Each structure stands twice: as structure tokens, then as C-alpha cells.
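Trainee: I should like to learn how a protein model is read. May we look at one together?

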Amino acid sequence: MPLPTPELKVDSVLPPPEINPIAAKLATSKDPTDRASARILAKYLDELMRVPGTNVRVGLDPILALIPGVGDTVASGAGVIILLDALRSGIPIPTFLRMALNMGFNFLIGLIPGAGALASVFFKSNSRNLKLLTVWQAGHRDTVKRSTLHFYLGIFILFALIVSLILIGWAFYTWVFYSLVQAMAHALGFGARA
């Protein structure tokens with residue numbers, strides 16, 4: 001014998017939960033110049049908090065740069081999203097190359113322990129790239145073109161840059177490790193000749 005099921009009455013509908021206004025803007029924006037993801041990344045990577053007593057703003061990029069190699073790779077990986085946003089916007093290749101060089105320079109100076117993190121505080125490659133992107137988009141709002149060839153050329157350049165930076169970082173740290181081992185061997189007398 002089946003059990004009777006009570007009839008449910010709905011008196012009101014609950015409102016949807018609060019939506020993050022930034023996420024809502026990202027989800028509804030059709031404007032190619034509205035790159036909230038690039039703005040959010042640039043803020044978090046370069047200008048998240050102010051150093052007390054100064055006007056200097058610091059983000060996660062210089063903090064991550066304190067971990068040689070790994071931190072810069074993670075921060076540069078996040079910065080790649082700004083470059084991908086630029087490619088999706090149809091930015092010309094010369095401007096894209098300038099943005100890629102900003103990211104590459106930031107990665108390379110970050111390889112130097114300590115000094116790289118300090119330089120990253122003032123260089124702010126992600127904020128520079130966001131500025132290049134927004135300035136270009138503001139002047140070309142009506143002429144944004146979507147070119148598959150252009151997009152894939154940019155992806156190829158970006159991939160080549162990433163591979164080059166990884167190889168340069170690997171070679172740099174291999175050289176540092178080899179130099180340290182040689183110096184230690186020499187200090188212990190293993191490298192001395194009779």
C-alpha cells in the first residue's frame with residue numbers, strides 16, 4: 001500500500017543568492033573592450049596591497065618571485081591570460097609582441113633571487129600589459145577584427161615565448177647549480193691539482 005504524499009504549497013520564491021558583481025559583469029558583457037579578467041589579474045598580480053607608509057603597491061607577482069623559478073613561472077602563467085585576452089580582442093601583432101616582451105622581461109628579472117622580486121615591484125608587467133590592451137582597445141573599439149590566422153599566429157608566438165623562457169630559466173639554474181658545485185669542490189680541495 002503506497003504512502004500518501006503530502007501536497008506541497010509554495011508561497012514564495014526565494015531570490016537567487018548574491019552574485020559576485022565582477023563575475024556577473026564578466027558573464028554578461030558583450031563589449032570587446034571590457035576585459036574584466038585582465039583587470040582582475042593585473043590588480044592581484046601587481047597592485048593588491050599598499051606597502052604601509054608608502055604609495056608603493058605590491059601584488060602577488062613580486063611575492064611569488066621570492067621563490068626562484070617556480071614563483072615566476074606561476075606568476076607568468078597567470079599573466080599569459082592577459083595576453084590571451086589581448087589576442088581574443090584582435091590586438092595587432094606588434095602591440096602583442098610588446099606585451100609578450102614585458103612578460104618575458106619580468107620573468108627573466110625574476111630569475112635573480114631577491115633582486116628579481118624587488119624589480120618586479122616597480123616594473124609591473126601585468127599592469128603595463130593591461131594599459132597597452134585598454135589603450136589599444138579604446139582607440140579601436142569599432143575596428144576590432146576577429147581573424148583566425150591572426151589569433152593562431154599570436155598563440156604560436158606566445159607558445160614559443162613560454163618554451164623559450166622555460167629553457168632560459170632551466171639553463172640559468174643549471175649553470176648556477178653547476179657553478180656552486182664547482183666552487184664547493186674547489187673549496188674542499190677536490191679541484192686542486194698536484
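The conversation below moves from the whole chain to one group of aromatic rings.

Mentor: This is a predicted model, in which local features need pLDDT of at least 70 and side-chain atom pairs count only at pLDDT 80 or more, whereas totals for chains, interfaces and linings use all residues. Residues are numbered from 1 along each chain as its sequence is written, and side-chain values use heavy atoms, with hydrogens and water left out.

Trainee: Which pattern does the protein chain follow along the sequence?

Mentor: Helices (H or I, at least four residues) and strands (E, at least two) are DSSP runs, numbered from the N terminus. The protein chain has 8 helices and 2 strands. Read in sequence order, the pattern is α-α-β-β-α-α-α-α-α-α.

Trainee: Is W175 buried or exposed?

Mentor: Buried means under 20% relative accessible area, exposed over 50%, and partly exposed in between, with a 1.4 Å probe and protein chains only. The relative accessible area of W175 is 54%. W175 is therefore exposed.

Trainee: What kind of aromatic pair do F172 and Y173 form?

Mentor: Rings of Phe, Tyr and Trp (its six-membered ring) pair if their centres lie within 6.5 Å; planes under 30 degrees apart count as stacked, over 60 as edge-to-face and the rest as tilted. For F172 and Y173, the centres are 5.2 Å apart, with 75° between the planes. The pair is edge-to-face.

Trainee: What kind of aromatic pair do F172 and W175 form?

Mentor: Both residues lie in helix α8 (residues 148-187), 3 residues apart. Their rings are 6.3 Å centre to centre, with 40° between the planes. This pair is tilted.
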